[in-house]
Amino acid sequence: MNVPAKLIGFGVVLAAVFAASLGVGAAVGPISGTGGNGEHGAHDDGASGKAADAADGSTSAGLDTEGLAISAGGYTFDPVATVVAPGAPTAFNFRILGPGGAPVTRYAPRHDRELHLIVVRRDLAGYQHLHPRRAADGTWTVSLTLASAGVYKAYADFDPAGGAPPMTLAGDIFASGDFEAQSLPAPSATATVDGFAVTLRGALTAGEESDLSFTVAKDGAPVVDLEPYLGAFGHLVALRAGDLAYLHVHPEGAPGDGHTRAGPEITFHAEVPAAGSHRLFLDFQHGGVVRTAEFTVVATGASS
């Protein structure tokens, strides 16, 4: 029996999805994105100028408005299955197919991992930053728990070995069941997570490099012993509301470089091309636990 879906804001997409019912809950199937080759915020592809590593070790990045394709540049994000049951851990398996269609088995490690997997529901709820394990045959596996029903976007962020440009490929994952979208949280300069208070200073201006500084505190005291996580004291992912355009950028400096402090402040340089609402996700580690502080920021300036 098909369960009717409450699809506020996603009616057009899931009307097609539910037409292919699997007979359990609200049945769903894959929809590929549109766009071209994506990239990680720590790299510069030369032609686009989306990202650049400055001489002082800081990283600047522009929002990747093209990192929404399931296939680009001869590479394809290839999930084994795209329908999962919400609320329970699922072994999510996928491959990256290279030119010629064979699974990619060689990658250029970046920030301590060969591949980063970002998963978020299309209403920008349920964010996860995951690191799958790769088998010798090129199959990636990660334990994935989608807390509630809905359509999720999964971003595979990686560097193929052999000098190919960095890539971001994305595809949809569907969690069966009744779904009611959440409104985007109101903009705020402060976020709390597990007793940590994170304060954002700075603003996004479309078409310009923006400085964003996050200050981490706990129990009213600044946190000065942040721990390195994936080679940095913080990682920032930005997603644009509406089309989920993607940015992954790393902060100024690096642990052990002789001048970068372990908190309380983490500073990033980022650029977005258009005005509008963005959701920011800051990962940081303390006491061996990675936490994510979430913000809504409205970029000002001319839209493009």
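Hi everyone. A strand here is a DSSP run of E, at least two residues long, and strands are numbered from the N terminus. Please keep in mind that this is a predicted model. With that in place, let me start at Thr 296, which has its place in strand β21, residues 289–299.

Is Thr 296 buried or exposed? Buried means under 20% relative accessible area, and Thr 296 has 4%, so Thr 296 is buried. Its side chain still finds polar company. One of its polar atoms lies 2.9 Å from the backbone oxygen of Pro 185, and there is a polar contact with the side chain of Arg 279 at 2.7 Å. Setting aside neighbours within four places in sequence, Thr 296 is in contact with several residues, among them Leu 184, Ala 186, Ser 188 and His 278.

Let's stay with β21 and look at the nonpolar residues. The largest nonpolar core has 28 residues, and those touching the most other members are Val 198, Phe 214, Val 216, Leu 236, Leu 280, Phe 284 and Phe 295. Several strands each supply at least two residues of this core, including β14 (196–201), β15 (209–218), β20 (276–286) and β21. Which strand gives the largest share? That is β21, with four residues. As for Val 198, if we leave out residues up to four places away in sequence, Val 198 touches Phe 214, Val 216, Phe 284 and Phe 295, among others. There is also a second, separate core of 25 residues, which includes Phe 77, Val 104, Leu 117 and Leu 146.

Now for the sheets. Strands of a sheet pair through backbone hydrogen bonds, either parallel or antiparallel. One open sheet has five strands in the order β3-β4-β6-β10-β9, with antiparallel pairing. At its edges stand β3 (71–72) and β9 (133–134); each has a single partner strand, so one side of each has no neighbour in the sheet. Inside that order, β6 (residues 90–97) and β10 (residues 139–144) pair in the antiparallel sense over six bridges. If you would like to find the pairing on screen, look for Ala 91, whose bridge partner in β10 is Ser 143.

Another open sheet of five strands runs β5-β12-β11-β7-β8, and here the pairing is mixed. The edge strands are β5 (83–84) and β8 (128–130), each pairing on one side only. Strand β7, residues 115–121, pairs with β8 in the antiparallel sense over three bridges, and Val 119 stands opposite Gln 128 in β8.

In β12, residues 167–175, we find Ala 170. Ala 170 is buried, with a relative accessible area of 0%. Its C-alpha atom is 9.8 Å from that of Tyr 246, although the two residues are 76 apart along the chain.

Tyr 246 brings me to the aromatic rings. The count of aromatic pairs comes to eleven. Why is the pair of Tyr 155 and Tyr 246 called stacked? Planes under 30 degrees apart count as stacked, and these two rings have planes at 20° and centres 4.8 Å apart, so the pair is stacked. This pair links distant parts of the chain: Tyr 155 is in β11 and Tyr 246 in β18, 91 residues apart. Both tyrosines are buried.

Last stop: ring pairs join Tyr 75, Phe 77, Phe 92, Phe 94, Tyr 107, Trp 140 and Phe 158 into a cluster. Over the ring of Trp 140 sits the charged end of Arg 134, 5.9 Å from the ring centre. Thanks for listening!

Conventions. Residues are numbered from 1 along each chain as its sequence is written. This is a predicted model: local features need pLDDT of at least 70, side-chain atom pairs count only at pLDDT 80 or more; totals for chains, interfaces and linings use all residues. Side-chain values use heavy atoms; hydrogens and water are left out. Buried means under 20% relative accessible area, exposed over 50%, partly exposed in between (1.4 Å probe, protein chains only). Two strands pair if DSSP finds at least two bridges between them. Rings of Phe, Tyr and Trp (its six-membered ring) pair if their centres lie within 6.5 Å; planes under 30 degrees apart count as stacked, over 60 as edge-to-face and the rest as tilted. A charge sits over a ring if NZ of Lys or CZ of Arg is within 6 Å of the ring centre and within 35 degrees of the ring normal. A polar contact is a pair of N or O atoms within 3.5 Å; within protein, one must be able to donate a hydrogen and the other to accept it, and residues adjacent in sequence count only if both atoms are side-chain atoms. Contact means heavy atoms within 4.5 Å. A nonpolar core is a set of buried Ala, Val, Leu, Ile, Met, Phe, Trp, Tyr and Cys residues joined through side-chain atoms within 4.5 Å.
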